[in-house]
Amino acid sequence: MNAECSAGADAREGLLSIDLQAIGENYLDLRVRLASGSRCGAVVKADAYGLGMAQVAPALHRRGCRDFFVATQAEGERLRRQLGADVSIVVLTGVRPGCELACARAGLKPTLFTLQQLRDWVAICGRAPCAVKVDSGMTRLGMTPEEFELLLADRELLRAADIRMLLSHLACADEPGHPQNAHQLRNFKSAGERLRGLCPAIQLSLSNSSGIFLGEAYHFDIARPGCALYGVNPVPGSPNPMRPVVELSLPIVQKRHVSSDCCVGYGATQGVAAGGWLAVARGGYADGILRAQGGRGCGWACGRRLPMVGRVSMDSTTFDITALDDAERESLRAIEILNRHLTVDEVAGYAGTIGYEILTSLGNRYYRRYK
């Protein structure tokens, strides 16, 4: 293989730049917003929201983070091997039956959602540390109020277990005025006070990224931000207080002049008038450019937005570059679809989704550059 071709091949598939310094600065920014006595953890599940846990977690560790949250035991085991023994790792989706000993031996704290799960954990692992989740009103994972009452009444189980943390999750933290926030806060505060009366060393954790911005009452002992670390706006509708983290540039594989009125892409859903110019970029829905962006989204080049035209294909996306002058079109080699001008939240809006999905959908065909 030609050495020059080999060295540049990855770059021609698209360049995904991830700013580890910005992630670290976002972490420090969130940490100083917390109430005195509250610690700032970090959620690095789903491969650090698609940006690479192997690179992101050490960057956070260097900034002083010692409380990490993952989704699965496998993620936790990888993180433990990577960061060593001086960090706490909580597995947010618990432990599968039959994997309890492996979880405990890896030094992971599973989040347990039912009384039976806690009993099984104690029976198999003894006083290995664990976490318990209570449903404060989201009606997803966690002990129901009735089951939590049974836990409080089971003093023998509470003495036998080593419960290090009580968690719950806010359903509407990104809507500060939603009454569900205050409702969940009351429920969680009551549950925490009652369990702490029986287990004095237990720590409480409620706030996600947006929860941090609801105020000190929501902070408790440990906050667990995720999306805000990676540049997603934790306060939708207000200016984003976080630094942008991701830039994505797609190479142009064809530029073409439109000589007569025509339609572009699958389904012939969108037309282009004669005299226009199109650029076809390498990268499509297989690479996380969501199909829903077609005809609604845009790219960025030469200091301006360039509309997406037609449906996004699996491996390519078409842009209208008619607005560029001749010299700009001639020099055009790439189009950016994520940058400080075209944020992850704006792109999510074009696709009718949220920034989380944009980040976690980014494919593995890009060349990744960590700053």
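A residue is called buried here when its relative accessible area is under 20%. By that yardstick, buried residues make up 52% of the 371 residues in this protein. Please keep in mind as you read that the model is predicted.

## Overall build

Let's start with the whole chain. Its secondary structure comes to 14 helices and 19 strands, and the C-alpha trace spans about 80 × 50 × 40 Å along its principal axes. Among contacts with a separation of 6 or more, 64% are between residues 24 or more positions apart.

## Strands and sheets

Strands of a sheet pair through backbone hydrogen bonds, either parallel or antiparallel. Both kinds turn up here. One open sheet has seven strands in the order E3-E4-E5-E6-E7-E8-E9, with parallel pairing. Its edge strands are E3 (42–43) and E9 (203–205), each of which pairs on one side only. Within this sheet you can look at E6 and E7, where Thr111 stands opposite Ala131 of E7.

Strand E1 is worth a visit as well. It pairs in parallel with E19 and runs antiparallel to E11. Leu15 takes part on both sides: it stands opposite Tyr367 in E19, and its bridge partner in E11 is Ser249. The table sets these pairings out together.

| Strand pair | Direction | Bridges |
|---|---|---|
| E1 (residues 15–18) and E19 (residues 367–370) | parallel | four bridges |
| E1 and E11 (residues 246–257) | antiparallel | four bridges |
| E6 (residues 109–112) and E7 (residues 129–133) | parallel | two bridges |

## The nonpolar cores

Which residues touch the most other members of the largest nonpolar core? They are Leu60, Phe68, Leu118, Leu166, Tyr230 and Ile335, out of 111 residues in that core. A second, separate core has five residues, including Val258, Val272, Leu278 and Val309.

Tyr230 makes a good place to zoom in. Leaving aside neighbours within four places in sequence, Tyr230 is in contact with Ile23, Val43, Val44, Ala48, Tyr49, Leu51, Val56, Val245 and Leu359.

## The largest pocket

The largest pocket has a volume of about 700 Å³. It is lined by 31 residues, and those nearest its centre are Tyr49, His169, Leu170, Asn208 and Tyr356. By class, the lining has 17 nonpolar, eight polar and six charged residues. Three helices, H3 (45–49), H11 (209–212) and H14 (355–360), each supply at least two residues of this lining.

Tyr49 links several parts of this picture. Its place is in helix H3, it is one of the residues nearest the centre of the pocket, and it is also among the contacts of Tyr230.

## Two positive phi angles

Most residues other than glycine have a negative phi, and most peptide bonds are trans. Two residues here are worth checking on your screen with that in mind. Tyr49 has a positive phi, near 55 degrees, and Ala268 also has a positive phi, near 50 degrees.

Where is Ala268 found? It lies in the loop between strand E12 (262–264) and strand E13 (270–272).

Are these two residues buried or exposed? Tyr49 has a relative accessible area of 7%, which is under 20%, so Tyr49 counts as buried. Ala268 has a relative accessible area of 44%, which falls between the 20% and 50% limits, so Ala268 counts as partly exposed.

Terms used: Residues are numbered from 1 along each chain as its sequence is written. This is a predicted model: local features need pLDDT of at least 70, side-chain atom pairs count only at pLDDT 80 or more; totals for chains, interfaces and linings use all residues. Side-chain values use heavy atoms; hydrogens and water are left out. On a 1 Å grid over the protein atoms alone, a cavity is a set of points where a 1.4 Å probe fits but cannot get out, and a pocket is an open set with protein on both sides within 12 Å along at least five of seven lines; lining residues have an atom within 4 Å of a point. Grid points are joined across faces, edges and corners, and a volume is the space filled by probe spheres set on the points. Ala, Val, Leu, Ile, Met, Phe, Trp, Tyr, Cys and Pro count as nonpolar, Asp, Glu, Lys and Arg as charged, and the others, Gly among them, as polar. A nonpolar core is a set of buried Ala, Val, Leu, Ile, Met, Phe, Trp, Tyr and Cys residues joined through side-chain atoms within 4.5 Å. Buried means under 20% relative accessible area, exposed over 50%, partly exposed in between (1.4 Å probe, protein chains only). Contact means heavy atoms within 4.5 Å. Two strands pair if DSSP finds at least two bridges between them.
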